[in-house]
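Thanks for making the time this morning. I would like to walk you through one part of a structure that is new to most of us, so please have a look at it before I go on.

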Amino acid sequence: MSHDYPPGRGRVSLEAAGIPIEGVSIAGHESFYKLPGFRTLLEFGRAPEDVLGFSTVCVSHGHLDHIAGLAHFASRRRLQGLPTARILVPAEAAPDATEWLRACERLERIEYDVEIVPVSPGDRVRLRNDLELAILPGRHRVPTVGFLFSEVRQKLLPELAGKGGREIAALRESGAPVTRREEIPLLAYPGDCGDEIFDACPELFRARVLLLECSFLLPEDRDRAREYAHIHLDDVLARADRFENEAVVLTHFSQRYDPDEIRRALRAIPEPLAERIMPFLP
Ligand SMILES: [Zn+2]
Ligand SMILES: [Zn+2]
C-alpha cells in the first residue's frame, strides 16, 4: 500500500502519552487517524479496509484530503452489512455532504446506512459513559470544526470523603448530590487551521495529547501557510512555552518535504517542548 505515498511517507503508528494513534496524514493528499482507544476515526481521505469497522467518524472539514473516503466508506460498509455509522461534520458542510451521499446512492442504486450528524462548536457527543467528545471551533478556509475527547469521571464530593458507604448510599437515595463530574481532556484535534486557532481555542494547550497539523516548516513557505490557512512551524515556535500537553503530535506535513527534512526542521523547537513533540511519520 505504501507505494502510493511519497518516499518515506505513509502509514504511521504511534502511542502519544498512552493514546495510540494510527493512520496517514499528508497535506493535500490524504488524512486519517484511527483512535482505537476511543473507537473513533478522525477524518478519512479515503476508506482503506481497516477503517470500515469504525462506526463513529469525525470529519473536521470538507477538503477532499479529509472527506473523500465518505461515500466509499458508506458503500463498503453497506456491502459488508455493517450497522449504521454516524459521521460528524461541521453543520455548514452537512447539507453538501448529505447531497453528495444521496447522489452516490442514486449512482449505485442502493441506500447507505450512515447518518450525517451536523455539529457546531459547543456541542457534545457522548461516546461512552466515561468518554465524551466536545466540538471545538475551527479556523480554516472552509467551514471547519475541531474535536476534543475527554474522559468523564464522577468523583465523590470532597466533603463526603471519609464517610461510610451506607451513609453515602442513604444520601444518594435522598436525592442529595454525592459526586461531581470531572473531565480530563485526553486528545484535542483542531483539523486544518491557521494560527488564529490558538486564540479561538485555548483548550488545545491543555489536552493530554494535542494532534496538531503543521503543514509547513521552511521559511520560504510562510506565505503559503498564511494563504491556505495552515500552521507553520514558526507558529508553534512563537508559542513554545504555552503547550501544557504531555505530547504534541505534529502532523499533515506538506508532501513537498521528505522525512529527513521534516525531522531536521523540527530540531528548531526548544526544550522543554521538544521532548514532548512527536512527528506523525512512519
Ligand atoms: Zn488537509
Ligand atoms: Zn484543509
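Strand 12 and strand 13, the latter covering residues 247-251, run parallel and are joined by 5 bridges. Within that pairing, Leu-210 has Val-248 as its bridge partner in strand 13, and Glu-213 stands opposite Thr-251. I should say straight away that this is a predicted model, and everything I describe should be heard with that in mind.

On to the other neighbour: strand 11, residues 179-189, also runs parallel to strand 12, and 2 bridges join them, with Leu-187 standing opposite Val-209.

If we step back to the whole sheet, we find 7 strands forming an open sheet in the order 8-9-10-11-12-13-15, with mixed pairing. Strand 8 (124-128) and strand 15 (277-279) are the edge strands, each pairing on one side only, and from one strand to the next the twist averages 30 degrees.

How covered, then, is strand 12? Of its 5 residues, 209-213, 5 are buried, and this holds for both faces, with Val-209, Leu-211 and Glu-213 on one side and Leu-210 and Leu-212 on the other.

Finally, the core: the largest nonpolar core has 72 residues, and Val-209 and Val-249 are those with the most contacts inside it, while strand 2, residues 19-27, contributes the largest share, 5 residues. Setting aside neighbours within four places in sequence, Val-249 is in contact with Val-209, Leu-211 and Leu-212, and also with Ala-16, Ile-21, Met-278 and Phe-280.

Key
Residues numbered from 1 in each chain as written. Chains lettered and ligands numbered in written order. Predicted model: local features only at pLDDT ≥ 70, side-chain atom pairs only at ≥ 80, totals over all residues. Buried ≥ 20, exposed ≤ 12 C-beta atoms within 10 Å, placed from the backbone. Helix = DSSP H or I, 4+ residues; strand = E, 2+ residues; numbered from the N terminus. Pairing = 2+ DSSP bridges. Core = buried A, V, L, I, M, F, W, Y, C linked by C-beta atoms within 7 Å. Contact = placed C-beta atoms within 7 Å. Axes fitted to C-alpha atoms, helices over the stretch in contact; angles between N-to-C directions.
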